[in-house]
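Please read these notes with the coordinates open. They are numbered, and each point covers one topic.

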Amino acid sequence: MKITPRKDEVAAVAQLLESDGYDSAEALAKDVIKRVAEVLADREFYAWVHRFGPGQLQIAWGPFTSDAEVVKFAKKAALGGESMSLKLCSTGAFLTRLDKNRAVPSTKCADPACGHPHGAHEHPKFGGRCAIRGCGCKQDVK
């Protein structure tokens, strides 16, 4: 995975490194690892999903930072069969959207034909419709 550090991510880690509040290098290292995980949770990554044929077990490799990186990896692996690039939506962005929309009365969609978690309706690409493949729900009915 090729990570290009972003300015705000570097600033978040630098803030920890410049602080004097740590008694040991181990304590600082633990907080740096946690902070890096938090800032990377705000990014969207990709996975390469592969299977040798219909009905076969699917295997996913990742994370990758771009679709182009997935394609390059897939060509290098040259496993044949069927494969696809899968965008992994940001967990950090998902939690932020969920926190902004806490007026939802339940964690499940109110449409009895749907019943999927409210989070399945939170992706901006789908505009409130259920993002679960095959679900006919048109919007989250509160």
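1. **Surface patch.** A nonpolar patch here joins side chains within 5 Å, taken from residues with over 30% relative accessible area and no salt bridge. This is a predicted model. On its surface, F52, L57, I59, W61, F73 and L79 form such a patch. Together they offer about 570 Å² of accessible area.

2. **W61 within the patch.** W61 sits in strand β2, which spans residues 59-64. Its relative accessible area is 32%, so W61 is partly exposed. The patch criterion asks for over 30%, and W61 is listed as a member.

3. **Overall make-up.** The protein chain has four helices and three strands. Read from the N terminus, the order is α-α-β-β-α-β-α. The chain counts 142 residues, and 23% of them are buried. Its accessible surface is about 10,000 Å². Carbon and sulfur atoms hold 57% of that surface.

4. **Contact range.** Take the contacts in the protein chain with a separation of 6 or more. Of these, 49% come from residues 24 or more positions apart.

5. **The sheet.** The three strands make an open sheet, ordered β2-β1-β3, with antiparallel pairing. β2 and β3 (82-88) are the edge strands, and each pairs on one side only. From one strand to the next, the twist averages 20°. As background, strands of a sheet pair through backbone hydrogen bonds, either parallel or antiparallel.

6. **The β1-β3 pairing.** How many bridges join β1 to β3? There are seven, and the two strands run antiparallel. Strand β1 covers residues 45-51. For one register check, V49 has M84 in β3 as its bridge partner.

7. **Helix α3 on the sheet.** Helix α3 covers residues 67-77 and lies across β1, β2 and β3. It runs at about 30° to β1.

8. **E69.** Is this α3 residue buried or exposed? E69 counts as buried, because its relative accessibility is 13% and the cut-off for buried is under 20%. Setting aside neighbours within four places in sequence, E69 is in contact with M1, K2 and F64.

9. **Salt bridge E9-R43.** The structure holds four salt bridges. In one of them, the side chains of E9 and R43 meet at 2.7 Å, N to O. The pair links distant parts of the chain, 34 residues apart. E9 belongs to helix α1 (residues 7-18), while R43 is in the loop between α2 (25-40) and β1. Both residues are buried.

10. **Salt bridge K87-E44.** The side chains of K87 and E44 also meet in a salt bridge, at 2.9 Å, N to O. K87 lies in strand β3 and E44 in the loop between α2 and β1, so the pair ties together parts that are 43 residues apart in sequence. E44 has 34% relative accessibility and counts as partly exposed. K87, with a relative accessible area of 43%, is partly exposed too.

11. **Surroundings of K87.** Which residues does K87 touch, not counting those up to four places away in sequence? They are E44, F45 and Y46. K87 and Y46 are 41 residues apart in sequence. In space, C-alpha to C-alpha, K87 and Y46 are 4.5 Å apart.

12. **Salt bridge R51-E82.** R51 and E82 meet through their side chains in a salt bridge of 2.5 Å, N to O. R51 is in strand β1 and E82 in strand β3, so far as sequence goes 31 residues apart. R51 counts as partly exposed at 24% relative accessibility. E82 counts as partly exposed as well, at 33%.

13. **Links between β1 and β3.** Several points above come together here. Seven bridges join the two strands, V49 and M84 being bridge partners. The R51-E82 salt bridge also links β1 with β3. K87, another β3 residue, touches F45 and Y46 among others.

Conventions. Residues numbered from 1 in each chain as written. Predicted model: local features only at pLDDT ≥ 70, side-chain atom pairs only at ≥ 80, totals over all residues. Heavy atoms only, no water. Patch = residues over 30% accessible without salt bridge, like charges linked within 9 Å, V, L, I, M, F, W, Y side chains within 5 Å. Areas by Shrake-Rupley, 256 points an atom, 1.4 Å probe, with all protein chains shown as cover. Buried < 20%, exposed > 50% of the residue type's maximum accessible area, 1.4 Å probe, protein only. Pairing = 2+ DSSP bridges. Axes fitted to C-alpha atoms, helices over the stretch in contact; angles between N-to-C directions. Contact = heavy atoms within 4.5 Å.
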